[in-house]
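Me: I am new to this structure and would like to be walked through a few of its parts, one question at a time.

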Amino acid sequence: MDAPLIRLMSLFDILPSHVCVLLCLGEDWSIKSCNTAFTQLVQRLGHTSRPEGLSLRELLSRYALTELPPGHGDGQLEFLLESSPWRMAWQDTEAGLRCVVLRDGRERADMEAVENFSQELYAIMDSMHDGLWVIDGQGITLHVNKALKRIAGIEPEEMIGKSVSVPLTEGKFSAAVTLEALEQKKIVTRFDDYPNGSRCLNTSTPIFDARGQVWRVVACIRDMSELEFMQRDLADAERRHYLHDDGDELYHDSENRLIATSAMMRRCMSELERAARAPSGILIQGETGTGKTYAASWIHQRSSRSRGPFIAVNCAAIPPSLIESELFGYDRGAFTGANRTGRKGYFELAHTGTLLLDEIGELPLNMQAKILHVLDGQAFRKIGSEKEVRVDVRVIAATNRSLAQLVSEGSFRADLYYRLRVLCIRMPPLREHPQDIVPLMMFFLGKACSRYSVSKSFSPKVIECFCRHAWPGNVRELRAAVEFAATMTEGNLITLRDLPSWLMEDAGMEGQHDEGTFTAPHTDSDSSHGEASAPAGSFRDAVADLERSLISRALAETGSTYKAAARLGISQSTVVRKAQQLGITVQERRGTDQKKAGSPKTAGSL
(Lines give C-alpha, C1' and ligand atoms only; values in the text may rest on other atoms or scores of the structure.)
Protein backbone atom coordinates (compact mmCIF):
# COMPACT_ATOMS: atom_id res chain seq x y z
CA MET A 1 0.00 0.00 0.00
CA ASP A 2 1.22 3.48 -0.79
CA ALA A 3 2.62 5.40 2.14
CA PRO A 4 0.24 8.38 1.65
CA LEU A 5 -2.70 5.99 1.72
CA ILE A 6 -1.47 4.38 4.93
CA ARG A 7 -1.12 7.79 6.58
CA LEU A 8 -4.62 8.72 5.39
CA MET A 9 -6.22 5.60 6.91
CA SER A 10 -4.34 6.13 10.18
CA LEU A 11 -6.08 9.47 10.47
CA PHE A 12 -9.43 7.70 10.25
CA ASP A 13 -8.54 5.68 13.35
CA ILE A 14 -9.24 8.69 15.51
CA LEU A 15 -12.92 8.47 14.55
CA PRO A 16 -15.38 6.85 17.03
CA SER A 17 -15.54 3.06 17.03
CA HIS A 18 -18.96 3.04 15.36
CA VAL A 19 -17.67 4.83 12.22
CA CYS A 20 -15.95 2.65 9.61
CA VAL A 21 -13.99 4.02 6.61
CA LEU A 22 -12.63 1.90 3.74
CA LEU A 23 -11.43 2.22 0.13
CA CYS A 24 -12.76 -0.20 -2.50
CA LEU A 25 -12.01 -1.08 -6.17
CA GLY A 26 -13.96 -2.63 -9.05
CA GLU A 27 -17.41 -4.08 -9.52
CA ASP A 28 -17.15 -6.49 -6.57
CA TRP A 29 -16.05 -3.69 -4.24
CA SER A 30 -12.72 -5.26 -3.40
CA ILE A 31 -11.39 -3.76 -0.18
CA LYS A 32 -8.02 -2.10 -0.68
CA SER A 33 -7.67 -0.37 2.73
CA CYS A 34 -9.74 0.34 5.90
CA ASN A 35 -9.52 1.81 9.36
CA THR A 36 -9.29 -0.15 12.60
CA ALA A 37 -13.04 0.14 13.31
CA PHE A 38 -13.88 -1.84 10.12
CA THR A 39 -11.22 -4.46 10.87
CA GLN A 40 -12.84 -5.02 14.30
CA LEU A 41 -16.28 -5.27 12.66
CA VAL A 42 -15.09 -7.94 10.19
CA GLN A 43 -13.53 -9.93 13.01
CA ARG A 44 -16.83 -9.81 14.94
CA LEU A 45 -18.53 -11.23 11.82
CA GLY A 46 -16.22 -14.31 11.95
CA HIS A 47 -13.22 -13.45 9.71
CA THR A 48 -9.89 -13.93 11.44
CA SER A 49 -7.85 -12.46 8.59
CA ARG A 50 -7.57 -8.80 7.78
CA PRO A 51 -10.31 -7.41 5.45
CA GLU A 52 -7.93 -6.22 2.71
CA GLY A 53 -8.70 -8.20 -0.48
CA LEU A 54 -12.17 -9.27 0.64
CA SER A 55 -15.24 -8.24 -1.31
CA LEU A 56 -17.47 -5.73 0.44
CA ARG A 57 -20.32 -6.80 -1.87
CA GLU A 58 -19.96 -10.40 -0.72
CA LEU A 59 -19.70 -9.45 2.96
CA LEU A 60 -22.87 -7.37 2.90
CA SER A 61 -24.74 -9.95 0.81
CA ARG A 62 -23.83 -12.63 3.34
CA TYR A 63 -24.19 -10.84 6.67
CA ALA A 64 -26.56 -7.94 5.92
CA LEU A 65 -28.68 -9.63 3.22
CA THR A 66 -28.38 -6.57 1.04
CA GLU A 67 -27.07 -6.07 -2.49
CA LEU A 68 -24.78 -3.25 -3.59
CA PRO A 69 -25.62 -1.54 -6.86
CA PRO A 70 -23.44 -2.36 -9.87
CA GLY A 71 -21.36 0.20 -11.73
CA HIS A 72 -19.89 3.43 -10.58
CA GLY A 73 -21.25 6.58 -8.97
CA ASP A 74 -22.19 7.95 -5.57
CA GLY A 75 -24.94 6.58 -3.35
CA GLN A 76 -26.38 5.74 0.06
CA LEU A 77 -27.83 2.60 1.60
CA GLU A 78 -29.40 1.48 4.90
CA PHE A 79 -29.38 -2.10 6.19
CA LEU A 80 -29.36 -4.23 9.34
CA LEU A 81 -26.10 -5.74 10.56
CA GLU A 82 -25.64 -7.46 13.93
CA SER A 83 -29.28 -6.55 14.69
CA SER A 84 -28.34 -2.92 14.45
CA PRO A 85 -29.33 -0.30 11.86
CA TRP A 86 -26.37 0.78 9.73
CA ARG A 87 -26.07 3.56 7.18
CA MET A 88 -23.62 3.37 4.28
CA ALA A 89 -22.51 6.16 1.92
CA TRP A 90 -19.94 6.04 -0.88
CA GLN A 91 -18.32 8.25 -3.46
CA ASP A 92 -16.00 7.49 -6.39
CA THR A 93 -12.74 9.45 -6.63
CA GLU A 94 -10.78 10.56 -9.66
CA ALA A 95 -8.08 8.01 -8.80
CA GLY A 96 -10.55 5.17 -9.43
CA LEU A 97 -11.02 4.40 -5.73
CA ARG A 98 -14.40 4.21 -4.10
CA CYS A 99 -14.46 5.85 -0.59
CA VAL A 100 -17.02 4.12 1.67
CA VAL A 101 -18.25 5.21 5.11
CA LEU A 102 -20.36 2.94 7.34
CA ARG A 103 -22.00 4.24 10.53
CA ASP A 104 -23.65 2.18 13.28
CA GLY A 105 -27.02 3.83 13.95
CA ARG A 106 -27.29 2.22 17.38
CA GLU A 107 -24.11 3.85 18.59
CA ARG A 108 -25.35 7.16 17.28
CA ALA A 109 -28.62 6.72 19.18
CA ASP A 110 -26.66 5.90 22.34
CA MET A 111 -24.55 9.01 21.90
CA GLU A 112 -27.65 11.12 21.40
CA ALA A 113 -29.16 9.57 24.54
CA VAL A 114 -26.00 10.40 26.49
CA GLU A 115 -26.04 13.92 25.11
CA ASN A 116 -29.72 14.35 25.99
CA PHE A 117 -29.09 12.99 29.49
CA SER A 118 -26.18 15.39 29.91
CA GLN A 119 -28.38 18.33 28.88
CA GLU A 120 -31.14 17.16 31.22
CA LEU A 121 -28.68 16.82 34.11
CA TYR A 122 -27.33 20.32 33.60
CA ALA A 123 -30.88 21.69 33.35
CA ILE A 124 -31.74 20.04 36.67
CA MET A 125 -28.64 21.47 38.34
CA ASP A 126 -29.38 24.94 36.97
CA SER A 127 -32.93 24.77 38.32
CA MET A 128 -31.78 24.06 41.89
CA HIS A 129 -32.19 26.82 44.48
CA ASP A 130 -28.89 26.03 46.19
CA GLY A 131 -25.58 26.67 44.46
CA LEU A 132 -23.61 23.80 42.92
CA TRP A 133 -19.91 23.82 42.01
CA VAL A 134 -18.38 20.72 40.36
CA ILE A 135 -14.64 20.18 39.86
CA ASP A 136 -12.67 17.21 38.50
CA GLY A 137 -9.81 15.31 40.11
CA GLN A 138 -7.32 18.04 39.10
CA GLY A 139 -9.35 20.88 40.60
CA ILE A 140 -10.66 22.16 37.25
CA THR A 141 -14.17 23.60 37.32
CA LEU A 142 -16.55 21.54 35.20
CA HIS A 143 -19.88 23.14 36.06
CA VAL A 144 -21.26 26.02 38.11
CA ASN A 145 -25.04 26.29 38.23
CA LYS A 146 -27.01 29.50 37.79
CA ALA A 147 -27.89 29.78 41.50
CA LEU A 148 -24.29 30.85 42.25
CA LYS A 149 -24.93 34.05 40.33
CA ARG A 150 -27.86 34.87 42.61
CA ILE A 151 -26.15 33.78 45.80
CA ALA A 152 -22.58 35.01 45.32
CA GLY A 153 -22.64 37.14 42.17
CA ILE A 154 -20.43 34.62 40.29
CA GLU A 155 -20.87 34.22 36.54
CA PRO A 156 -20.76 30.46 35.71
CA GLU A 157 -19.24 31.03 32.26
CA GLU A 158 -16.21 32.76 33.80
CA MET A 159 -15.39 29.81 36.07
CA ILE A 160 -15.78 26.75 33.79
CA GLY A 161 -12.46 25.35 32.57
CA LYS A 162 -10.41 27.16 35.21
CA SER A 163 -8.78 25.83 38.33
CA VAL A 164 -10.89 26.50 41.40
CA SER A 165 -7.88 28.27 42.92
CA VAL A 166 -8.19 31.07 40.32
CA PRO A 167 -11.43 32.59 41.68
CA LEU A 168 -10.03 32.09 45.19
CA THR A 169 -7.04 34.32 44.42
CA GLU A 170 -9.41 36.79 42.76
CA GLY A 171 -11.31 37.10 46.06
CA LYS A 172 -14.59 35.67 44.80
CA PHE A 173 -14.86 33.55 47.97
CA SER A 174 -12.93 33.23 51.23
CA ALA A 175 -12.14 29.49 51.31
CA ALA A 176 -11.64 26.81 48.63
CA VAL A 177 -13.72 24.14 50.35
CA THR A 178 -13.77 21.98 47.21
CA LEU A 179 -9.95 21.85 47.17
CA GLU A 180 -9.93 20.81 50.83
CA ALA A 181 -12.32 17.95 50.05
CA LEU A 182 -10.15 16.99 47.06
CA GLU A 183 -6.97 16.94 49.13
CA GLN A 184 -8.42 15.34 52.27
CA LYS A 185 -10.61 12.89 50.29
CA LYS A 186 -13.56 13.35 52.64
CA ILE A 187 -16.62 15.55 53.08
CA VAL A 188 -15.74 19.05 54.24
CA THR A 189 -18.26 21.60 55.58
CA ARG A 190 -17.31 25.25 56.00
CA PHE A 191 -18.95 28.64 56.21
CA ASP A 192 -17.90 30.72 53.23
CA ASP A 193 -18.14 34.51 52.84
CA TYR A 194 -18.60 36.14 49.45
CA PRO A 195 -17.81 39.73 48.39
CA ASN A 196 -21.50 40.60 47.98
CA GLY A 197 -22.03 40.03 51.73
CA SER A 198 -23.59 36.56 51.49
CA ARG A 199 -22.62 34.06 54.17
CA CYS A 200 -23.07 30.52 52.90
CA LEU A 201 -22.69 26.99 54.16
CA ASN A 202 -20.50 25.02 51.73
CA THR A 203 -20.55 21.23 51.91
CA SER A 204 -18.10 19.65 49.44
CA THR A 205 -18.40 15.92 48.77
CA PRO A 206 -15.73 13.90 46.87
CA ILE A 207 -16.78 11.19 44.38
CA PHE A 208 -14.34 8.30 43.81
CA ASP A 209 -13.63 6.17 40.74
CA ALA A 210 -13.04 2.40 40.64
CA ARG A 211 -9.37 2.85 41.64
CA GLY A 212 -10.26 4.85 44.74
CA GLN A 213 -9.09 8.16 43.29
CA VAL A 214 -11.14 11.36 43.54
CA TRP A 215 -13.01 11.65 40.24
CA ARG A 216 -15.23 14.65 41.03
CA VAL A 217 -15.95 17.00 43.94
CA VAL A 218 -19.48 18.41 44.22
CA ALA A 219 -19.98 21.47 46.42
CA CYS A 220 -23.49 22.33 47.67
CA ILE A 221 -23.64 26.01 48.66
CA ARG A 222 -26.58 27.24 50.74
CA ASP A 223 -27.30 30.89 51.46
CA MET A 224 -27.86 31.07 55.23
CA SER A 225 -29.77 34.35 55.10
CA GLU A 226 -32.23 32.84 52.60
CA LEU A 227 -32.56 29.76 54.80
CA GLU A 228 -33.38 31.95 57.79
CA PHE A 229 -36.06 33.81 55.83
CA MET A 230 -37.50 30.50 54.62
CA GLN A 231 -37.62 29.12 58.17
CA ARG A 232 -39.40 32.23 59.42
CA ASP A 233 -41.91 32.20 56.56
CA LEU A 234 -42.57 28.51 57.11
CA ALA A 235 -43.04 29.01 60.85
CA ASP A 236 -45.45 31.91 60.21
CA ALA A 237 -47.44 29.83 57.73
CA GLU A 238 -47.58 26.90 60.15
CA ARG A 239 -48.69 29.19 62.97
CA ARG A 240 -51.44 30.68 60.80
CA HIS A 241 -52.58 27.17 59.94
CA TYR A 242 -52.49 26.20 63.61
CA LEU A 243 -54.47 29.25 64.73
CA HIS A 244 -57.25 28.67 62.20
CA ASP A 245 -57.22 24.87 62.27
CA ASP A 246 -60.60 24.64 64.02
CA GLY A 247 -62.28 27.10 61.71
CA ASP A 248 -62.15 29.87 64.33
CA GLU A 249 -61.14 33.31 63.23
CA LEU A 250 -58.77 35.40 65.26
CA TYR A 251 -60.42 38.46 66.79
CA HIS A 252 -58.31 41.28 68.06
CA ASP A 253 -58.59 44.98 68.55
CA SER A 254 -55.25 46.58 67.70
CA GLU A 255 -55.99 49.74 69.66
CA ASN A 256 -56.99 48.13 72.96
CA ARG A 257 -55.07 44.86 72.50
CA LEU A 258 -57.84 42.37 73.23
CA ILE A 259 -57.29 38.90 71.76
CA ALA A 260 -59.98 36.23 71.57
CA THR A 261 -59.66 32.87 69.83
CA SER A 262 -60.91 30.51 72.54
CA ALA A 263 -64.59 29.91 73.27
CA MET A 264 -64.13 31.34 76.76
CA MET A 265 -62.68 34.63 75.57
CA ARG A 266 -65.26 34.88 72.80
CA ARG A 267 -67.98 34.64 75.41
CA CYS A 268 -66.18 37.24 77.47
CA MET A 269 -66.01 39.52 74.43
CA SER A 270 -69.75 39.04 73.91
CA GLU A 271 -70.40 40.19 77.49
CA LEU A 272 -68.15 43.20 76.97
CA GLU A 273 -70.14 44.09 73.84
CA ARG A 274 -73.43 44.00 75.77
CA ALA A 275 -71.92 45.96 78.63
CA ALA A 276 -70.71 48.66 76.23
CA ARG A 277 -74.30 49.25 75.04
CA ALA A 278 -75.71 49.47 78.58
CA PRO A 279 -75.68 52.85 80.42
CA SER A 280 -75.13 51.49 83.94
CA GLY A 281 -71.93 51.01 85.87
CA ILE A 282 -69.82 47.86 85.51
CA LEU A 283 -67.74 45.72 87.84
CA ILE A 284 -64.83 43.87 86.19
CA GLN A 285 -63.24 41.11 88.26
CA GLY A 286 -60.17 39.03 87.54
CA GLU A 287 -56.69 38.13 88.65
CA THR A 288 -53.86 40.58 88.25
CA GLY A 289 -52.66 40.92 84.68
CA THR A 290 -55.82 39.55 83.01
CA GLY A 291 -56.51 42.78 81.10
CA LYS A 292 -59.16 44.52 83.22
CA THR A 293 -57.93 48.01 82.27
CA TYR A 294 -57.88 47.13 78.58
CA ALA A 295 -61.39 45.69 78.87
CA ALA A 296 -62.63 48.92 80.45
CA SER A 297 -61.04 50.98 77.69
CA TRP A 298 -62.56 48.62 75.10
CA ILE A 299 -66.02 49.16 76.65
CA HIS A 300 -65.55 52.94 76.64
CA GLN A 301 -64.52 53.03 72.96
CA ARG A 302 -67.69 51.16 71.97
CA SER A 303 -70.10 53.02 74.23
CA SER A 304 -72.10 56.15 73.56
CA ARG A 305 -69.49 58.02 75.63
CA SER A 306 -66.59 57.20 73.29
CA ARG A 307 -66.13 60.88 72.40
CA GLY A 308 -65.69 61.78 76.06
CA PRO A 309 -62.54 61.24 78.14
CA PHE A 310 -61.46 57.89 79.55
CA ILE A 311 -59.74 58.27 82.94
CA ALA A 312 -58.14 55.26 84.65
CA VAL A 313 -57.25 55.55 88.34
CA ASN A 314 -55.43 52.92 90.37
CA CYS A 315 -56.90 53.35 93.84
CA ALA A 316 -54.17 51.23 95.44
CA ALA A 317 -51.49 53.63 94.16
CA ILE A 318 -52.93 56.73 95.86
CA PRO A 319 -52.01 57.41 99.51
CA PRO A 320 -55.12 57.34 101.77
CA SER A 321 -54.59 60.98 102.75
CA LEU A 322 -54.79 62.11 99.11
CA ILE A 323 -57.58 59.90 97.79
CA GLU A 324 -60.38 62.42 98.34
CA SER A 325 -58.47 65.30 96.74
CA GLU A 326 -57.46 63.12 93.80
CA LEU A 327 -60.95 61.80 93.14
CA PHE A 328 -63.05 64.92 93.86
CA GLY A 329 -60.55 67.79 93.63
CA TYR A 330 -60.06 70.79 95.93
CA ASP A 331 -60.59 74.52 95.92
CA ARG A 332 -57.82 77.09 96.23
CA GLY A 333 -56.41 77.44 99.73
CA ALA A 334 -58.01 74.19 100.83
CA PHE A 335 -54.85 73.02 102.60
CA THR A 336 -51.19 73.84 102.91
CA GLY A 337 -49.35 73.17 99.67
CA ALA A 338 -52.51 73.18 97.59
CA ASN A 339 -52.50 74.63 94.10
CA ARG A 340 -53.35 78.34 94.19
CA THR A 341 -56.05 77.96 91.57
CA GLY A 342 -57.44 74.71 92.94
CA ARG A 343 -57.63 71.43 91.07
CA LYS A 344 -60.24 69.25 89.41
CA GLY A 345 -60.62 65.70 90.62
CA TYR A 346 -60.83 62.62 88.44
CA PHE A 347 -64.63 62.59 88.57
CA GLU A 348 -64.76 66.09 87.17
CA LEU A 349 -62.07 65.37 84.57
CA ALA A 350 -64.09 62.39 83.35
CA HIS A 351 -67.25 64.44 82.79
CA THR A 352 -69.31 63.03 79.84
CA GLY A 353 -66.88 60.12 79.67
CA THR A 354 -65.83 57.05 81.64
CA LEU A 355 -63.93 56.74 84.92
CA LEU A 356 -62.19 53.45 85.73
CA LEU A 357 -61.60 52.88 89.44
CA ASP A 358 -59.05 50.07 89.38
CA GLU A 359 -58.38 48.11 92.58
CA ILE A 360 -61.53 49.60 94.12
CA GLY A 361 -61.31 47.12 96.96
CA GLU A 362 -58.40 49.19 98.36
CA LEU A 363 -60.57 52.29 98.97
CA PRO A 364 -61.15 53.41 102.58
CA LEU A 365 -64.71 53.07 103.87
CA ASN A 366 -65.29 56.86 104.03
CA MET A 367 -64.40 57.23 100.36
CA GLN A 368 -66.68 54.31 99.50
CA ALA A 369 -69.61 56.20 100.98
CA LYS A 370 -68.87 59.33 98.96
CA ILE A 371 -68.48 57.35 95.74
CA LEU A 372 -71.81 55.61 96.38
CA HIS A 373 -73.34 59.08 96.83
CA VAL A 374 -72.05 60.15 93.40
CA LEU A 375 -73.12 56.91 91.75
CA ASP A 376 -76.67 57.57 92.94
CA GLY A 377 -76.65 60.78 90.92
CA GLN A 378 -75.98 63.19 93.78
CA ALA A 379 -73.68 66.19 93.66
CA PHE A 380 -70.42 66.44 95.62
CA ARG A 381 -68.25 69.18 97.02
CA LYS A 382 -64.55 69.66 96.46
CA ILE A 383 -62.31 69.91 99.48
CA GLY A 384 -62.47 73.47 100.80
CA SER A 385 -65.46 74.42 98.62
CA GLU A 386 -69.12 75.05 99.47
CA LYS A 387 -70.23 74.80 95.83
CA GLU A 388 -71.77 71.54 94.69
CA VAL A 389 -70.51 69.91 91.52
CA ARG A 390 -72.57 67.57 89.36
CA VAL A 391 -70.90 65.35 86.80
CA ASP A 392 -72.11 62.95 84.12
CA VAL A 393 -69.73 60.06 84.50
CA ARG A 394 -70.00 56.35 83.89
CA VAL A 395 -68.02 54.48 86.54
CA ILE A 396 -66.34 51.15 85.81
CA ALA A 397 -64.85 49.44 88.84
CA ALA A 398 -62.18 46.74 88.65
CA THR A 399 -60.62 44.52 91.28
CA ASN A 400 -58.54 41.36 91.66
CA ARG A 401 -60.01 40.67 95.07
CA SER A 402 -63.33 39.10 96.06
CA LEU A 403 -65.61 42.02 97.04
CA ALA A 404 -68.12 39.58 98.53
CA GLN A 405 -65.44 38.36 100.95
CA LEU A 406 -64.42 41.96 101.76
CA VAL A 407 -68.07 42.72 102.53
CA SER A 408 -68.24 39.77 104.91
CA GLU A 409 -65.04 40.98 106.57
CA GLY A 410 -66.46 44.48 106.96
CA SER A 411 -63.79 46.23 104.85
CA PHE A 412 -66.12 47.03 101.95
CA ARG A 413 -69.56 48.55 102.00
CA ALA A 414 -72.32 46.13 101.09
CA ASP A 415 -74.50 48.87 99.53
CA LEU A 416 -71.65 49.96 97.23
CA TYR A 417 -70.99 46.34 96.30
CA TYR A 418 -74.63 45.80 95.35
CA ARG A 419 -74.58 49.05 93.40
CA LEU A 420 -71.48 48.01 91.43
CA ARG A 421 -72.37 44.40 90.63
CA VAL A 422 -75.38 45.23 88.44
CA LEU A 423 -73.19 44.36 85.45
CA CYS A 424 -70.41 42.00 86.54
CA ILE A 425 -67.80 40.68 84.10
CA ARG A 426 -65.06 38.21 84.96
CA MET A 427 -61.79 38.33 83.01
CA PRO A 428 -60.56 34.70 83.04
CA PRO A 429 -56.94 33.90 83.90
CA LEU A 430 -54.73 32.79 81.02
CA ARG A 431 -54.45 29.22 82.30
CA GLU A 432 -58.19 28.77 81.67
CA HIS A 433 -57.94 29.69 77.97
CA PRO A 434 -54.48 28.45 76.81
CA GLN A 435 -55.65 28.59 73.17
CA ASP A 436 -55.04 32.34 73.33
CA ILE A 437 -51.38 32.02 74.36
CA VAL A 438 -50.01 31.66 70.82
CA PRO A 439 -52.10 34.52 69.34
CA LEU A 440 -51.06 36.75 72.24
CA MET A 441 -47.41 35.80 71.66
CA MET A 442 -47.69 36.75 68.00
CA PHE A 443 -49.47 40.00 68.81
CA PHE A 444 -46.97 41.16 71.44
CA LEU A 445 -44.03 40.07 69.28
CA GLY A 446 -45.38 42.14 66.40
CA LYS A 447 -45.68 45.15 68.70
CA ALA A 448 -42.14 44.66 70.02
CA CYS A 449 -40.68 44.24 66.53
CA SER A 450 -42.41 47.41 65.38
CA ARG A 451 -41.19 49.32 68.43
CA TYR A 452 -37.57 48.21 68.12
CA SER A 453 -37.48 48.07 64.29
CA VAL A 454 -36.44 44.40 64.22
CA SER A 455 -37.78 41.20 62.67
CA LYS A 456 -38.15 38.20 64.99
CA SER A 457 -40.00 34.89 65.07
CA PHE A 458 -40.46 32.05 67.58
CA SER A 459 -39.07 28.56 67.22
CA PRO A 460 -41.57 25.70 67.76
CA LYS A 461 -39.93 24.75 71.06
CA VAL A 462 -40.37 28.29 72.40
CA ILE A 463 -44.07 28.14 71.58
CA GLU A 464 -44.30 24.81 73.38
CA CYS A 465 -42.50 26.28 76.41
CA PHE A 466 -44.89 29.25 76.56
CA CYS A 467 -47.91 26.95 76.27
CA ARG A 468 -46.66 24.78 79.15
CA HIS A 469 -46.11 27.69 81.53
CA ALA A 470 -48.92 28.43 84.04
CA TRP A 471 -48.60 32.26 83.71
CA PRO A 472 -49.61 33.31 87.24
CA GLY A 473 -49.10 36.91 86.10
CA ASN A 474 -51.42 36.24 83.15
CA VAL A 475 -51.31 38.43 80.05
CA ARG A 476 -49.08 41.03 81.70
CA GLU A 477 -46.47 38.37 82.49
CA LEU A 478 -46.74 36.93 78.97
CA ARG A 479 -46.22 40.34 77.40
CA ALA A 480 -43.15 40.98 79.54
CA ALA A 481 -41.66 37.59 78.57
CA VAL A 482 -42.21 38.24 74.86
CA GLU A 483 -40.68 41.72 75.05
CA PHE A 484 -37.68 40.29 76.95
CA ALA A 485 -37.12 37.65 74.27
CA ALA A 486 -37.54 40.14 71.42
CA THR A 487 -35.08 42.53 73.05
CA MET A 488 -32.39 40.10 74.19
CA THR A 489 -32.29 37.74 71.16
CA GLU A 490 -29.37 38.46 68.83
CA GLY A 491 -30.62 36.55 65.79
CA ASN A 492 -33.98 36.68 64.05
CA LEU A 493 -35.18 33.35 65.49
CA ILE A 494 -36.08 33.24 69.20
CA THR A 495 -34.97 29.86 70.58
CA LEU A 496 -35.01 28.19 73.99
CA ARG A 497 -31.53 29.47 74.79
CA ASP A 498 -32.91 33.03 74.59
CA LEU A 499 -35.51 32.47 77.32
CA PRO A 500 -34.91 33.13 81.03
CA SER A 501 -34.11 30.01 83.03
CA TRP A 502 -37.09 30.41 85.38
CA LEU A 503 -39.51 30.20 82.45
CA MET A 504 -38.00 26.94 81.18
CA GLU A 505 -37.91 25.49 84.70
CA ASP A 506 -41.57 26.33 85.36
CA ALA A 507 -42.48 24.78 82.00
CA GLY A 508 -40.45 21.65 82.78
CA MET A 509 -38.18 22.13 79.77
CA GLU A 510 -34.83 22.84 81.41
CA GLY A 511 -31.96 21.26 79.51
CA GLN A 512 -33.93 20.89 76.29
CA HIS A 513 -32.83 22.26 72.91
CA ASP A 514 -34.66 23.57 69.89
CA GLU A 515 -35.65 21.05 67.22
CA GLY A 516 -36.04 23.71 64.55
CA THR A 517 -32.62 25.33 64.88
CA PHE A 518 -30.00 24.76 62.19
CA THR A 519 -27.33 22.34 63.43
CA ALA A 520 -25.08 20.52 60.92
CA PRO A 521 -23.25 17.28 61.70
CA HIS A 522 -19.74 17.78 62.99
CA THR A 523 -16.89 16.63 60.81
CA ASP A 524 -13.19 16.37 61.53
CA SER A 525 -12.57 19.34 59.30
CA ASP A 526 -14.90 21.49 61.38
CA SER A 527 -12.69 21.50 64.46
CA SER A 528 -11.22 24.91 63.87
CA HIS A 529 -14.29 26.58 62.48
CA GLY A 530 -17.07 25.40 64.76
CA GLU A 531 -19.93 23.08 64.05
CA ALA A 532 -22.21 23.58 61.09
CA SER A 533 -25.88 22.75 61.30
CA ALA A 534 -28.76 21.12 59.49
CA PRO A 535 -32.47 21.26 60.13
CA ALA A 536 -33.97 18.58 62.34
CA GLY A 537 -37.68 18.22 62.86
CA SER A 538 -40.38 20.57 61.64
CA PHE A 539 -42.83 23.06 63.03
CA ARG A 540 -45.75 20.80 62.11
CA ASP A 541 -44.26 17.98 64.23
CA ALA A 542 -43.85 20.35 67.18
CA VAL A 543 -47.47 21.52 66.88
CA ALA A 544 -48.67 17.91 66.70
CA ASP A 545 -46.66 17.03 69.84
CA LEU A 546 -48.09 20.04 71.65
CA GLU A 547 -51.67 19.20 70.64
CA ARG A 548 -51.14 15.56 71.64
CA SER A 549 -49.82 16.64 75.05
CA LEU A 550 -52.64 19.10 75.77
CA ILE A 551 -55.46 16.81 74.62
CA SER A 552 -54.02 13.72 76.35
CA ARG A 553 -53.63 15.60 79.64
CA ALA A 554 -57.11 17.09 79.44
CA LEU A 555 -58.67 13.68 78.72
CA ALA A 556 -56.70 11.99 81.49
CA GLU A 557 -57.65 14.60 84.08
CA THR A 558 -61.32 15.00 83.13
CA GLY A 559 -62.18 11.52 81.87
CA SER A 560 -64.59 12.96 79.31
CA THR A 561 -64.33 14.41 75.83
CA TYR A 562 -66.94 17.01 76.79
CA LYS A 563 -65.04 18.16 79.88
CA ALA A 564 -61.76 18.07 77.95
CA ALA A 565 -63.32 20.24 75.24
CA ALA A 566 -64.61 22.66 77.88
CA ARG A 567 -61.20 22.89 79.53
CA LEU A 568 -59.43 23.45 76.21
CA GLY A 569 -62.05 25.88 74.95
CA ILE A 570 -62.84 23.90 71.79
CA SER A 571 -65.78 21.80 70.61
CA GLN A 572 -66.24 18.18 71.64
CA SER A 573 -66.18 17.10 68.00
CA THR A 574 -62.79 18.77 67.59
CA VAL A 575 -61.42 16.81 70.58
CA VAL A 576 -62.66 13.53 69.07
CA ARG A 577 -61.29 14.38 65.62
CA LYS A 578 -57.90 15.49 66.96
CA ALA A 579 -57.66 12.38 69.16
CA GLN A 580 -58.23 10.16 66.13
CA GLN A 581 -55.66 12.06 64.05
CA LEU A 582 -53.01 11.98 66.80
CA GLY A 583 -53.62 8.37 67.85
CA ILE A 584 -54.94 9.20 71.35
CA THR A 585 -57.09 6.55 73.02
CA VAL A 586 -60.35 8.03 74.33
CA GLN A 587 -61.91 6.28 77.32
CA GLU A 588 -64.99 7.92 78.85
CA ARG A 589 -65.37 7.46 82.61
CA ARG A 590 -68.70 6.09 83.69
CA GLY A 591 -70.86 8.47 85.68
CA THR A 592 -69.19 11.67 84.51
CA ASP A 593 -70.46 13.54 81.54
CA GLN A 594 -72.29 10.70 79.80
CA LYS A 595 -75.42 11.81 81.57
CA LYS A 596 -74.85 15.32 80.30
CA ALA A 597 -73.85 14.42 76.78
CA GLY A 598 -76.83 16.23 75.36
CA SER A 599 -75.84 19.59 76.86
CA PRO A 600 -72.10 20.06 77.27
CA LYS A 601 -70.98 23.10 79.21
CA THR A 602 -68.22 25.46 78.25
CA ALA A 603 -65.35 26.03 80.63
CA GLY A 604 -65.35 28.87 83.07
CA SER A 605 -67.95 31.40 84.08
CA LEU A 606 -67.86 35.10 83.41
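The turns below deal with one strand and its neighbours, and then with the nonpolar cores of this predicted model.

Me: Are the residues of strand β6 buried or exposed?
Reply: In this predicted model, β6 covers residues 131-136. G131, W133 and I135 point one way from the strand, while L132, V134 and D136 point the other way. Side chains in a regular strand alternate between the two faces of the sheet. On both sides of β6 the answer is the same, since all of these residues are buried.

Me: Which residue in β10 is the bridge partner of I135?
Reply: Strand β10, residues 214-223, pairs with β6 in the antiparallel sense over six bridges. In that pairing, the partner of I135 is V217.

Me: Which residue in the turn between β6 and β7 has a positive phi?
Reply: β6 also pairs with β7 (residues 141-144), in the antiparallel sense and over three bridges, and here the bridge partner of I135 is T141. The two strands form a hairpin with four residues between them, and the turn residue with a positive phi, of about 85 degrees, is G139.

Me: Which helix gives the most residues to the largest nonpolar core?
Reply: This core has 43 residues, of which M441, F466, L478 and L499 touch the most other members. Several helices each supply at least two residues, among them α18 (460-468), α19 (474-488) and α17 (437-452). With nine residues, the helix that gives the most is α17.

Me: How many residues are in the second, separate core?
Reply: Apart from the largest core, there is a second one that includes I311, V313, I323 and F412. Its number of residues is 30.

Note on methods:
Residues numbered from 1 in each chain as written. Predicted model: local features only at pLDDT ≥ 70, side-chain atom pairs only at ≥ 80, totals over all residues. Heavy atoms only, no water. Buried < 20%, exposed > 50% of the residue type's maximum accessible area, 1.4 Å probe, protein only. Pairing = 2+ DSSP bridges. Core = buried A, V, L, I, M, F, W, Y, C linked by side-chain atoms within 4.5 Å.
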